[in-house]
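Q: I am new to this structure and would like a close look at one part of it. Could you take me slowly through a single helix, and then through what lies around it?

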Amino acid sequence: MVNQLQAQEKWDLRRCVEYAINNNISVKQNVVQERLAQLTYLGSRDSRWPSASFSGTYGEQFGRNIDPTTNQFTTNAITFANVGVNAGATLFNWFRVKNTIDANKLSLAATEAQTKKLQEDIALNVAAAYLQALLTHQQKLTAEVQAAQTNEQLQFTRKRVDAGSLPELNAAELEAQLARDSATVITAESNYQLNLLQLKALLNLDASYPFDIATPDIREFPVSPLSELQPADVYLTAVGLRPSQMVNVYRLEAAKKNAKVAKAAMYPSFDAFGGLQSLYSSAFKFLPDGPNTQVVVPTTDFVTVGGNRYFVNTIVNAPEKFVKANFSRQMNYNFQQSFGLSLRVPIFNGNQARYGYRRALENQRSVELQMKADSLTLKQDIYAAYQNAMNALANYNARTKAYQTSSYSYTLGKQRYEVGLLPVFELITLQNNMLRAQIDQMVSQYEYVFRTKILEFYRGTGLTL
């Protein structure tokens, strides 16, 4: 039951295009590239802010080590801990960060435009396949009508043959024509199914999926007059609208920014830094506490008076008392702060910065050339599309006249055949001429509509069927 419902469902062009875009692997891959470009842009944008980091260590020292209390070697085991917070900020680096942010933002815009370009390319390919399927469907319907007309003529002729007013040869020739018409119907049906398979491939649909397309009347398709689609005007509009052009515009601006970034690497930069840190060591047993006081302590210096040595005392500042050096007391006692400015001047690095700048300039020139080439290609495509549309219109008018003439001839021939004034093979010839003229007219009409839709697409109207 589900398959029957699916088989009855008709897909119009809008649904085909939307499905193809949503399920195309190239588009999905480019969407991933969009997200990567966005992350790159966000990362560069947030790099403007100062950086800060926290570090901490804790461990044991064994064997021959430095005693932090005496700065002498010791073999005692020491437990140690260090904590610190460091921060830094770039003050000025010749706008390297700013230009990097701008370049990454433009690269993101270029990637987004590339996605739209892929979507438009898919839309054009699907539209071409859809119109080709419509054409073969109409050819099938025309062949079925032709076969029905031949069958009707056969039935009419058979009655007259049975009545003895026409020879058996007339009925035999019409039976042969009906067989040929039936073969034409089978061929047209086969071509239609093959075109549906090609359309399914563009949509990334499984070949076994029940699928059919809606068949609107080609005469009801809205088509802009060619007088409103002059190639020069369409090109001026397309240059500012088409994603293929915007991709190059964004890439060129990004290349210019990247050249400035590379140039900034050859100039000095100014930074600010600051830090907080403290430490703990089990080698510290006691820490001074309270304000210092002056005390008299003996020294190793002495003077000799009357043969007696008198050591010289001196006054020093000493803590009032000492307390046990636990962890929190050491963290507070050993707490230190630092801040300052730094200047980095590139002197020589193997000319890598200079070569990087030159590469950036060459990349900019490459994008400029690509942009110029794509603009020329776009202009050539638009002028070619306009000329094709003009040719298709002229061909359609000629085919319409030919079909009208052949249809009128067939009508007259049928009337003469029905009264016995026209041989059957001449009637078949007139009928075949009318069928070919009808198919040619239909093909030229589809061609004209499609060529006009291409011009409307370049103008920014979009694909509307």
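A: The model is a predicted one, and the part chosen here is helix α4, which covers residues 96-163. T115 is found in this helix, and it counts as buried because its relative accessible area is 5%, which is under the 20% cut-off. Leaving aside neighbours within four places in sequence, T115 is in contact with V27, N30, V31 and E34, and with E34 there is also a polar contact between the two side chains, at 2.5 Å.

The helix also takes part in a nonpolar core. Of the 45 residues in the largest such core, V126, L199, L203, F211 and I213 touch the most other members. At least two residues of this core come from each of α2 (13-23), α4, α5 (168-203), α6 (231-241), α9 (352-418) and α10 (424-459), and the largest share, 11 residues, is that of α4. V126 itself, when residues up to four places away in sequence are not counted, touches L13, C16, V17, A20, L199, L202 and L203. A second core, separate from this one, has 13 residues, among them L166, L174, L427 and M434.

Turning from the helix to the strands, β4 (residues 78-92) runs antiparallel to β1 (residues 51-61), and 11 bridges join the two; within β4, A81 stands opposite Y58. Strand β4 is also joined to β5 (residues 269-281) by 12 bridges, again in an antiparallel arrangement, with V83 standing opposite S278 in β5.

Notes. Residues numbered from 1 in each chain as written. Predicted model: local features only at pLDDT ≥ 70, side-chain atom pairs only at ≥ 80, totals over all residues. Heavy atoms only, no water. Helix = DSSP H or I, 4+ residues; strand = E, 2+ residues; numbered from the N terminus. Buried < 20%, exposed > 50% of the residue type's maximum accessible area, 1.4 Å probe, protein only. Polar contact = N/O pair within 3.5 Å; in protein donor to acceptor, adjacent residues only side chain to side chain. Contact = heavy atoms within 4.5 Å. Pairing = 2+ DSSP bridges. Core = buried A, V, L, I, M, F, W, Y, C linked by side-chain atoms within 4.5 Å.
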